[in-house]
Amino acid sequence: MPNVYNWQIGREMSYPHEERHPEWQFAFVFNPNRCIGCQTCTMACKSTWTFSKGEELMWWNNVESKPFGGYPQHWDAKLLAMLEQANPGKQVWDARHTEAEKKPFGTFDGMTIFEAAEQKPRPDGPQAALGYLPSDEEWTAPNIHEDTSTGGLFKKDGQFGGSTQLPEHKVWFFHLARICNHCTYPGCLASCPRNAIYKRPEDGIVLIDQSRCRGYRKCVEGCPYKKAMYRPSTRTSEKCIGCFPRIEGKDKTISPTGAPAETRCMAACVGKIRLQGLVKIDEQGAWAKDPKNPLYYLIRERQVALPLYPQFGTEPNGFYIPPRWVPRDYLTQMFGPGVKQAIEQYSCPDRELLAVLQLFRAQQQIIFRFDIEKGPKVAEIEVTMPDGQSKTQEIFNDTVIGFNKLDEEVVRITIEEPTFERPKEAHLNSI
Ligand code: SF4
Ligand code: SF4
């Protein structure tokens, strides 16, 4: 197999196809610290794309409660166990040597799904990526174990014991919102024997060509995140299409000038946990340095948002700000060795980071550039840091301004929420 470079695991790895990169890459940051599990995103997606016959159990966007929930059930625990079986005791990171561009989290010394598949040919031939086909039952009940917590000690009276203090809670769960990660090295694409799956050169969105697909379900098996799904009524596989008409700027109700818009799930998010965008890819296939792009800033510049299971090796383009109350060893196996630093920054954001965090769900158009206008100091608060120490955070009423692809100003938000006084004339309440 050819070798490709994966910055998330800090090394080259084998992949069934030659290295090739799009001009821009669809990417997003989700902040589980803010997700309330309302499923508005889930329904926005379903009512747009998967409401037809044969798609009843198909949820391109889902929100599962960790640690017990999953769609399909136990998708991550099952694959982690398969990788551990393929490479016992060696699925580990070496986080001692880091380089901002090439290996920001150090190096993953274990096996990716592509490397593990090479080591483990099956009776029916080698897989392109280590994976499995979930059972029909595992695809049902997408929200099973919703809001079910773990940890803590049961006292004699049946009440949960343990701490409810930060930095970590002993009794915990969190909502993990998920869509297709439009991976740089997709497991679905690698696994398709019909070459029916492709990555768009203009934005890196991964699509299944329905006219080529024959429903072998190898993509369902090979996607580690289980975001390729089978539709029995057409006998083909389907997956998230990144709402590409919106990304292409086709929705003139959102941008009359034709600038790209966020996907439906992002635009509908009630908790303001989502920020989606496009990052520029340079000629070598790396992220072009662009610290004024909010996604580049959060992911590459500040490393406050981390990839989901980077050790799988697909270089997913979905990133998460780890929930700060969750035990660190759980988060580290899920988001890699960057967890401690990410939580430290998020717990007490500096002036610039706090301003950029305001851009989440501030606008339906994709923000390509931000600017900050400085304002006066308005508060000082005491924050409990992850090491238990307290730190003083200074808050300034800065204004963050977002610009679309055409460099038009599309949003302007202050840190301090403004108050408005109603005019004196009568206002009748309506029901
Ligand atoms: S998340 Fe799965 S379906 Fe989406 S691009 Fe990656 S491997 Fe393919
Ligand atoms: S709409 Fe936003 S807050 Fe609600 S479940 Fe989805 S990601 Fe979470």
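How do the residues of the shell around ligand 2 divide into nonpolar, polar and charged? They split into 8 nonpolar, 4 polar and 1 charged. Keep in mind that this is a predicted model, and let's walk through it piece by piece.

## Two ligands and their surroundings

Start with ligand 2. It has 13 residues around it, and the closest are C35, C38, Q39, C41 and C269. Now look at ligand 1, which is surrounded by 13 residues. Here the closest are C180, C183, G187, C188 and C223. The table puts the two shells next to each other.

| Ligand | Nonpolar residues | Polar residues | Charged residues |
|---|---|---|---|
| Ligand 1 | 8 | 3 | 2 |
| Ligand 2 | 8 | 4 | 1 |

## A hairpin early in the chain

Next, find strand β1, residues 3–6. In a regular strand, the side chains take turns between the two faces of the sheet. You can follow that pattern here: V4 and N6 point to one face and are buried, whereas N3 and Y5 point to the other face and are not buried.

What does β1 pair with? Its partner is strand β2, residues 11–14; the two run antiparallel and are joined by 4 bridges. If you'd like to spot one pairing on screen, go to Y5, whose bridge partner in β2 is E12. The hairpin made by β1 and β2 has 4 residues between the strands, and in this hairpin G10 takes a positive phi near 70°.

## Two open sheets

One open sheet is built from 4 strands in the order β12-β3-β14-β13, with mixed pairing. Which strands stand at its edges? They are β12 (274–280) and β13 (306–307); each has a single partner strand, so one side of each is left without a neighbour in the sheet. Elsewhere in this sheet, β3 (residues 24–30) pairs with β14 (residues 318–320) in the parallel sense, over 3 bridges. A handy spot to look at is F28, which stands opposite G318 in β14.

Another open sheet has 3 strands, ordered β15-β18-β19, and its pairing is antiparallel. The edges belong to β15 (369–373) and β19 (409–414), and each of these pairs on one side only. Going from one strand to the next, the twist averages 20°. Strand β18 (residues 399–403) runs antiparallel to β19, and 5 bridges join them. Within that pair, I401 has R412 in β19 as its bridge partner.

## Two buried residues in loops

Finally, check out a couple of loop residues. E55 lies in the loop between α1 (40–49) and β4 (62–66). Is E55 buried or exposed? Its relative accessibility is 4%, so E55 counts as buried, given that the cut-off for buried is under 20%. The side chain of E55 reaches the backbone nitrogen of S52 at 3.0 Å. Leaving out residues up to four places away in sequence, E55 touches K46, W49, T50, R231 and E238.

H182 is in the loop between β7 (174–178) and α5 (187–191). With a relative accessibility of 0%, H182 counts as buried. What does H182 touch, not counting residues up to four places away in sequence? Its contacts include Q25 and F26, a run from G204 through I205 to V206, and another from K239 through C240 and I241 to G242. K199 and N317 are also among the residues that H182 touches.

Key. Residues are numbered from 1 along each chain as its sequence is written. Chains are lettered from A and ligands numbered from 1 in the order in which they are written. This is a predicted model: local features need pLDDT of at least 70, side-chain atom pairs count only at pLDDT 80 or more; totals for chains, interfaces and linings use all residues. Side-chain values use heavy atoms; hydrogens and water are left out. A residue is near a molecule or strand if one of its heavy atoms lies within 4 Å of it. Ala, Val, Leu, Ile, Met, Phe, Trp, Tyr, Cys and Pro count as nonpolar, Asp, Glu, Lys and Arg as charged, and the others, Gly among them, as polar. Two strands pair if DSSP finds at least two bridges between them. Axes are lines fitted to C-alpha atoms, for helices over the stretch in contact, and angles run from 0 to 180 degrees between N-to-C directions. Buried means under 20% relative accessible area, exposed over 50%, partly exposed in between (1.4 Å probe, protein chains only). A polar contact is a pair of N or O atoms within 3.5 Å; within protein, one must be able to donate a hydrogen and the other to accept it, and residues adjacent in sequence count only if both atoms are side-chain atoms. Contact means heavy atoms within 4.5 Å.
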